[in-house]
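Here are a few exercises to work through with the model open beside you. Try each task on your own before reading its solution.

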Amino acid sequence: MKLSTRSLIASAAALVMAAAVLSGCSGAGPDTAYGKGATATGLDDPAKKDIAMQLVSSAENSSLDWKSQYKYIEDIDDGRGYTAGIIGFCSGTGDMRRVVERYAKARPGNPLERFRPALRAVEGTDAHTGLGRPFTDAWADAAGDAAFRSAQDAERDASYFGPAVAQAKADGLGALGQFIYYDAYVMHGSGDADGTVGFRTMRRHALAKARAPSRGGAEAAYLDAFLDARVAAMREGRLGLETPLRWKVYGDSYRIEST
């Protein structure tokens, strides 16, 4: 889980505002997405999931090519040690270790396996003890192995994507709301830690201000409460995360064509 000044600047609010406000008209409105008996497409639809990964990658890595990020690893000086992979797994938070453990199960004896004790020892710190260049080189090299890429995918889904989408669906949210939850999971984690506010606290605060759709509330009003800003973005009604999407992050322009 990656949480840095850079990530916070490009938080869900910024991405959602860009997706909703800067998008061209697709002909879909609020009723088309989730009302009047229409069948909604959730974020776990492969095309929507790919859009979500591109949006996150634009903020995390300034690129839509999220599949090229499996090999990424560096210390971004955010107090969480190394940040790596497709969503910014961190040596200081435990999810990087879980990726390596998943990989070890799939590919026993791989070059990353020997770093498992060191990864466990540095959790909760920004230390590189027992890791360093040998570890970062091994991580980058492992990205060429499909089993390692699958390990990253599995950890993303188990710790972030799966729980976020499941909770969003339980709250009655469509694809855009599911993305907002997912992005919050990735950027902030599920719970509060180290003086930060996690997803569960954000959701609790949102529910104190507005009812979730599953409780009879309006989806746009609830999402606005969750983001605590960007009302205009919610009024656009693109709650299905429809393409084409256009947005900017750090001054760079991105576009996802129709799926």
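The exercises below go from the whole chain to single side-chain pairs.

A note before you start: this is a predicted model, in which local features need pLDDT of at least 70 and side-chain atom pairs count only at pLDDT 80 or more, while totals for chains, interfaces and linings use all residues. Residues are numbered from 1 along each chain as its sequence is written, and side-chain values use heavy atoms, with hydrogens and water left out.

**Exercise 1. Describe the protein as a whole, then its largest nonpolar core.**

Step 1: Start with the secondary structure. The protein has 12 helices and five strands, taken as DSSP runs (helices H or I, at least four residues; strands E, at least two) and numbered from the N terminus.

Step 2: Turn to burial. Of the 259 residues, 53% count as buried; buried means under 20% relative accessible area, exposed over 50%, and partly exposed in between, with a 1.4 Å probe and protein chains only.

Step 3: Find the core. A nonpolar core is a set of buried Ala, Val, Leu, Ile, Met, Phe, Trp, Tyr and Cys residues joined through side-chain atoms within 4.5 Å. The largest one here has 57 residues, and Met 96, Phe 135 and Trp 139 are among those with the most contacts inside it.

Step 4: Look around Met 96. Leaving aside neighbours within four places in sequence, its contacts (heavy atoms within 4.5 Å) include Ile 73, Leu 119, Phe 135 and Trp 139.

**Exercise 2. Work out how the rings of Phe 161 and Tyr 182 are arranged, then classify the pair Tyr 181 and Phe 226.**

Step 1: Recall the rule. Rings of Phe, Tyr and Trp (its six-membered ring) pair if their centres lie within 6.5 Å; planes under 30 degrees apart count as stacked, over 60 as edge-to-face and the rest as tilted. The whole structure holds 11 aromatic pairs.

Step 2: Apply it. The centres of Phe 161 and Tyr 182 are 5.1 Å apart and the planes stand at 75°, so this pair is edge-to-face. Phe 161 belongs to helix H8 and Tyr 182 to helix H9, 21 residues apart, and both are buried.

Step 3: Do the second pair. Tyr 181 and Phe 226 are tilted, at 5.0 Å centre to centre with 40° between the planes. This pair links helix H9 with helix H11, across 45 residues. Tyr 181 has a relative accessible area of 0%, and Phe 226 has 8%.

**Exercise 3. Trace the charged partners of Lys 49 and Glu 101.**

Step 1: Set the criterion. A salt bridge is a side-chain nitrogen of Lys or Arg within 4 Å of a carboxyl oxygen of Asp or Glu. The count comes to 13.

Step 2: Take Lys 49. Its side chain meets Asp 157 at 3.1 Å, N to O. Asp 157 lies in helix H8 and Lys 49 in helix H4 (residues 46-61), so the bridge ties together parts 108 residues apart in sequence. Lys 49 is buried at 18% relative accessibility, whereas Asp 157 is partly exposed at 25%. Both belong to a salt-bridge network with Asp 153 and Arg 156.

Step 3: Take Glu 101. It bridges to Arg 97 at 3.0 Å, N to O, and these two residues of helix H5 (residues 95-106) are separated by about one helical turn. Glu 101 also meets Arg 120 at 3.1 Å; Arg 120 lies in helix H6, so that pair joins parts 19 residues apart in sequence.
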